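Grab your viewer and work through these short exercises. Each one comes with a solution you can check step by step.

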Amino acid sequence: MFNFPPETKTFNMVFRTFFTASMLMLSTGAVAGGKGHAAHQHGVAVVNIVGEGITLTVQLEAPSESIYGFEHEAKKAADIKKRDSAIEKLKTSAEKMFVLEPGLGCKMSGSDIKPFVTEAKENEKPQSKKDEHKEGTHSEVHATFKFECTKPVAGSKLAFAAKKYFKSLSTLKVQVLSGEKQDGTTIKNDKGTVNL
Ligand SMILES: [Zn+2]
């Protein structure tokens, strides 16, 4: 039996809270990636880039399927091995996947990789067991890479080689905030650049 009491006051409050939270997500989204949390689509990753002086931060949100080939939580030894080696590959390839102009003298100075992010953890709690199951079927890899350069990155171009290292990653939805400037583009099959 479903039991939703028509408590209008509560509903309004919940709705208003949700709406405010959405607006907040939208406004911070300008920095972090346009529309806040983009829809999860296999083969498509969201890349948020922030350039400040000589530092560049690249935030990658990719479906786990595109990084290590499955989206359930790795529990079997074979799955854990697969996941861990893909995460290691991501870490060691980042400098080559995000191609900064050689003249800038950039080096990766740090990384933070979350190999298993489910939507349920990211967003609000699921409303029912049914939703929980549905959201549990997808997971993402969230990674942040920091680059330190010898020259300011503003005015340069960034190229991509993500598909070269992760064959299924065919589309990158890229958002850039460099100083005051914003740019965005969709990179398909590693073709194209974005302005920093
Ligand atoms: Zn998925």
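**Exercise 1.** In what order do the three strands of the open sheet lie, and is the pairing parallel or antiparallel?

*Solution.* Keep in mind that this is a predicted model.
- Step 1: the order of the open sheet is β3-β6-β9, with antiparallel pairing.
- Step 2: look at the edges. β3 (98–99) and β9 (193–195) each pair on one side only, so they are the edge strands by the pairing rule of at least two bridges.
- Step 3: zoom in on β6 (residues 157–160), which pairs with β9 over three bridges in the antiparallel sense.
- Step 4: pick out one bridge there: A159 is matched with T193 of β9.

**Exercise 2.** Work out how far you can trust the chain, and how its contacts are spread.

*Solution.*
- Step 1: mean pLDDT for the protein chain is 82, with 71% of the residues at 70 or more.
- Step 2: find the weak part. Residues 1–36 have pLDDT below 50, and this stretch makes 14 contacts in the model beyond near neighbours in sequence.
- Step 3: count the elements: the protein chain has six helices and nine strands.
- Step 4: take the contacts between residues at least 6 apart in sequence; 65% of them join residues at least 24 apart.
- Step 5: for burial, 25% of the 196 residues count as buried.

**Exercise 3.** Which residues have the most contacts inside the largest nonpolar core?

*Solution.*
- Step 1: the background is that nonpolar side chains tend to be buried together in soluble globular proteins.
- Step 2: here the largest nonpolar core has 35 residues, and A45, V47, L56 and F98 have the most contacts inside it.
- Step 3: ask who supplies it. At least two residues each come from β1 (44–52), β2 (55–63), α2 (64–68), α3 (77–97), β5 (139–148), β6 and β7 (171–178).
- Step 4: β1 gives the most, five residues.
- Step 5: follow A45 outwards. Leaving out residues up to four places away in sequence, A45 touches L60, E61, A62, S66, A162, L169 and L172.

**Exercise 4.** Where is N189 found, and is N189 buried or partly exposed? Do the same for D190.

*Solution.*
- Step 1: the usual case is a negative phi for most residues other than glycine.
- Step 2: N189, not a glycine, has a positive phi of about 50°, and D190 has a positive phi near 65°.
- Step 3: N189 sits in the loop between β8 (181–188) and β9, and D190 is in the loop between β8 and β9 too.
- Step 4: N189 has 13 other C-beta atoms within 10 Å, so it is partly exposed.
- Step 5: D190 has 17 other C-beta atoms within 10 Å, so D190 is partly exposed as well.

Terms used
Residues are numbered from 1 along each chain as its sequence is written. This is a predicted model: local features need pLDDT of at least 70, side-chain atom pairs count only at pLDDT 80 or more; totals for chains, interfaces and linings use all residues. pLDDT is the predictor's confidence in each residue, from 0 to 100. Two residues are in contact if their C-beta atoms, placed from the backbone, lie within 7 Å. Helices (H or I, at least four residues) and strands (E, at least two) are DSSP runs, numbered from the N terminus. A residue is buried if 20 or more other C-beta atoms lie within 10 Å of its own, exposed if 12 or fewer, and partly exposed in between; C-beta atoms are placed from the backbone. A nonpolar core is a set of buried Ala, Val, Leu, Ile, Met, Phe, Trp, Tyr and Cys residues joined through C-beta atoms within 7 Å.
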